[in-house]
Amino acid sequence: MAMTAMARAAYVAAILAGTIVAGCQTDAQILAALAARQHSAEAIVARVYAELPPALRPAAVETVLAHLVKLEREGLVRRVADEWSQVG
């Protein structure tokens, strides 16, 4: 059964909304890890994704780094060498 244009648009909107919510939750988890003095991407992954299999941790580090760069552009975190901290 083919989706109508309206149903397709609603489906895409729901997926995008879920992605945005998940991204905001990840940002909050990263900020909480920084507040708990986890200052490297690896330490943040160990805290936020503690149950993640070791084989998947390198990909999680890349994801956390992407979030950290986003948060840096928003003025919420800063980086000195490989250490990250909250601003303020």
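Which side chain meets R79 in a salt bridge? The side chain of E72 does, at 3.4 Å from N to O. Keep in mind throughout that this is a predicted model.

## Salt bridges

Let's stay with that pair for a moment. R79 is partly exposed, its relative accessible area being 41%. E72 falls in the partly exposed class too, at 28% relative accessibility. As for placement, R79 sits within the residue range of strand β1, 77-80, and E72 within that of helix α3, 57-73.

In total, the model has three salt bridges. Another one brings the side chains of D27 and K70 together, with 2.6 Å from N to O. D27 belongs to helix α1 (residues 5-35) and K70 to helix α3, so this bridge ties together parts that lie 43 residues apart in sequence. Accessibility splits the two partners: D27 is buried, with a relative accessible area of 9%, whereas K70 is partly exposed at 32%. The cut-off for calling a residue buried is under 20%, so D27 qualifies and K70 doesn't.

K70 has a second partner as well: its side chain meets that of E74 in a salt bridge, at 2.9 Å from N to O. E74 is partly exposed, with 45% relative accessibility. Through these shared partners, D27, K70 and E74 end up joined in one network. As a general point, side chains of opposite charge can pair when their charged atoms come close.

## How α2 meets α3

Now for the helix packing. Helix α2 covers residues 41-48 and helix α3 covers residues 57-73. Their axes are 9 Å apart, and the helices pack at an angle of about 110 degrees. Angles of 65 to 115 degrees count as roughly perpendicular, so that is the label for α2 and α3.

Who makes the contact? On the α2 side, the residues are A41, E42, I44, V45 and A46. On the α3 side, they are R57, A60, V61, V64, L65 and L68. Sort these contact residues by type and you get nine nonpolar, two charged and no polar ones. The charged ones are E42 from α2 and R57 from α3.

## The β1-β2 hairpin

On to the strands. β1 (residues 77-80) and β2 (residues 83-86) run antiparallel, and four bridges join them. Within this pairing, R78 stands opposite S85 of β2. The hairpin leaves two residues between its strands.

A81 lies in the loop between β1 and β2. Its phi is positive, near 60 degrees, even though A81 isn't a glycine. A81 also counts as exposed, with a relative accessibility of 64%.

## Another positive phi

What is the phi of R37 near? The value is near 70 degrees, again positive in a residue other than glycine. R37 is found in the loop between α1 and α2. At 66% relative accessibility, R37 is classed as exposed. Like R37, A81 is a loop residue, and both count as exposed.

Conventions: Residues numbered from 1 in each chain as written. Predicted model: local features only at pLDDT ≥ 70, side-chain atom pairs only at ≥ 80, totals over all residues. Heavy atoms only, no water. Axes fitted to C-alpha atoms, helices over the stretch in contact; angles between N-to-C directions. Parallel < 35°, antiparallel > 145°, perpendicular 65-115°, else oblique. Contact = heavy atoms within 4.5 Å. Pairing = 2+ DSSP bridges. Salt bridge = Lys/Arg side-chain N within 4 Å of Asp/Glu carboxyl O. Buried < 20%, exposed > 50% of the residue type's maximum accessible area, 1.4 Å probe, protein only.
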